[in-house]
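Here's a short set of exercises to work through with the model open beside you. Try each task before reading its solution.

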Amino acid sequence: MDDLLPGETEKWQWVEEKARVFFEASGFKEIRTPILEPTELFVRSIGQSSDIVHKEMFSFEDRGQRAMTMRPEMTASVARAVIEKGLLSQAKSLRFYYIGPMFRAERPQAGRKRQFHQVGAEIVNEAAHADFEIISFLYRFLQYAGLKQIQLNLNDLGEEADRVRVLQSLTEYFSGAKQHLCKDCQWRLEKNVLRIFDCKVAECQPVIENAPWEDFFPLSERFKQLANKLEDSGIPFHVSRRLVRGLDYYNGVVFEITAGGLGAQNAVAGGGRYDRLYQDLGGKSTPCTGFSIGLERLLTALESQDPALFEVLKKKKVYLAPLQDAPSILRFCREEAVRLREAGIRIETVPGAFSLSQHLKKANQLGVRFVMIVGPDELQKKVVVVKDLEMKEQTEIATEQVLSHFKKVMHLC
RNA sequence: GUGGGCGUAGCUCAAUCUGGUUAGAGCACAAGAUUGUGGAUCUUGGGGUUGCGGGUUCAAUUCCCGUCGCCCACCCCA
């Protein structure tokens, strides 16, 4: 698990702000749920046979001998909250987004931490027509955040009504070839046949390739409609019939987004339709769809695609240089700093330093371009001195003009 | 859960193979040259349980065993 230090946290604030603006502009409301949930919630939602549940959860017994787990994902928690609070009795459908840490006890590697962060969205109680909406929304958001080389992979796990029949025929087919399957797949055959399609082991490939899966899983009408709509909107995609995903609650349309610049773990986002989850958790039948984005991976991809991306964050900074610790000067600085910060400008300063050469040295080290110098002479004249370290020039600005001056020179609106 | 690599100063590393004075360097940090005008330079300074535990030895950062942690990959996921 990582400590996020200054220098990194600015990037996180940037991407979180992008998400809030975009998600709320589309009618999604933020939901925050506890990090700790009863283990049972995840066993019943994500599924006993999933890797997440059987080998990746941080679980423990609390002081009341209750089995607790640090959430490995958010969808189950959102469903739990909606059912518990009866939110669907007040609205026909719901749209939520969330931002926060998730926990999976995996072996770490590039693009995978044991505490990682997701921003995600859920559309609750809307049927197939919402599939296009959620996918195009996700795609547009990633574009808005500046991601390039986005690849969208889609699959259709079939109509819910056919589920039992499909699973039966799959089980029959793979049971017939059981001796040619790896031991993981033999286990999957017992627990969750679908996951065999996800297997990468060489010996299993012929069996999987020869499976008459087009018969089991014909692309549904609603999937074809979705594909047409995506084409009309100019959103490119690949149909990948072997994309099944590792959370058992998915049915219907599932999707994943990959991007360049990530190494082995190149999935930036994933999601799909889950129509059974609410029933499984003791609620009413509630058709849903949703996705989540891995924030670490999104930030990594953005920065590797454009290494200069976060340089702009440095430009929108002002170094504050008070020259005395007189109360009037400190109060003036604090008030100006708050006004500038509210306008999106970051403030740097070294508390307790009052020597101008020290301030300038520090400002220079921090890579800040503008220094605002406030001393007794300036306060007397109701001005501040704004020094541009890059152009090596300085001007006096009237105190009431400070904010508008910085907006102008930083090209903010 | 499986396989491989790595743990020495805040960071990047050297010394380890072939055991032997006080474990070094660069960067960073602090003070000064320089009381209201920056990046350079110079001087000085603070910093280490060599991940942890045990073993071999006159002697262990170095060799052996164990353990913990991290990284990369597989599985899988974001």
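**Exercise 1.** In which sense do β10 and β11 pair, and over how many bridges?

Solution. Before starting, note that this is a predicted model, where local features need pLDDT of at least 70, side-chain atom pairs count only at pLDDT 80 or more, and totals for chains, interfaces and linings use all residues. Residues are numbered from 1 along each chain as its sequence is written, with chains lettered from A and ligands numbered from 1 in the order in which they are written.

Step one: find the elements, which are DSSP runs numbered from the N terminus (helices are H or I, at least four residues; strands are E, at least two). β10 covers 267–274 and β11 covers 288–294. Step two: count the bridges. There are 6, and the pairing is antiparallel; as one example, Y274 has C288 of β11 as its bridge partner. Two strands count as paired if DSSP finds at least two bridges between them.

**Exercise 2.** Place β11 in its sheet: what is the strand order?

Solution. Start with the whole sheet: it is open, has 8 strands with mixed pairing, and reads β1-β5-β6-β11-β10-β9-β7-β8. At the edges sit β1 (29–30) and β8 (238–239), each pairing on one side only. Now go to the β8 end: β7 (residues 151–156) runs parallel to β8, joined by 2 bridges, and N153 has H238 as its bridge partner in β8. Back at β11, 7 bridges tie it to β6, antiparallel this time, with G120 partnered by S292.

**Exercise 3.** Is β11 mostly covered or mostly open, and which helices lie against the sheet?

Solution. Take burial first (buried means 20 or more other C-beta atoms within 10 Å of a residue's own, exposed means 12 or fewer, partly exposed is in between, with C-beta atoms placed from the backbone). For β11, 7 of its 7 residues are buried. Split them by face: C288, G290, S292 and G294 are on one side, with T289, F291 and I293 on the other.

Next, the helices. α5 (residues 129–145) packs on the sheet, touching β6, β7, β9 (253–258), β10 and β11, and its direction makes about 15° with that of β11. α12 lies across β6, β10 and β11, at about 55° to β11. Contact here means C-beta atoms, placed from the backbone, within 7 Å; angles run from 0 to 180 degrees between N-to-C directions, using axes fitted to C-alpha atoms, for helices over the stretch in contact.

**Exercise 4.** Which residues come nearest to RNA strand B, and which element gives the most to the surface near it?

Solution. A residue is near the strand if its C-beta atom, placed from the backbone, lies within 6 Å of it. Of the 47 residues around RNA strand B, G246, G294, S355, G375 and L389 come nearest. Then sort by element: α15 gives the most, with 6 residues, while β11 and α12 are among those supplying at least two.

**Exercise 5.** Is V383 buried, exposed or partly exposed?

Solution. Locate V383 in strand β15, then count its surroundings: V383 is partly exposed because 18 other C-beta atoms lie within 10 Å. Leaving aside neighbours within four places in sequence, its contacts are E378, E396, I397, A398 and T399. Finally, check T395: 12 residues away in sequence, its C-alpha is 9.7 Å from that of V383.

Definitions and conventions:
Contact = placed C-beta atoms within 7 Å.
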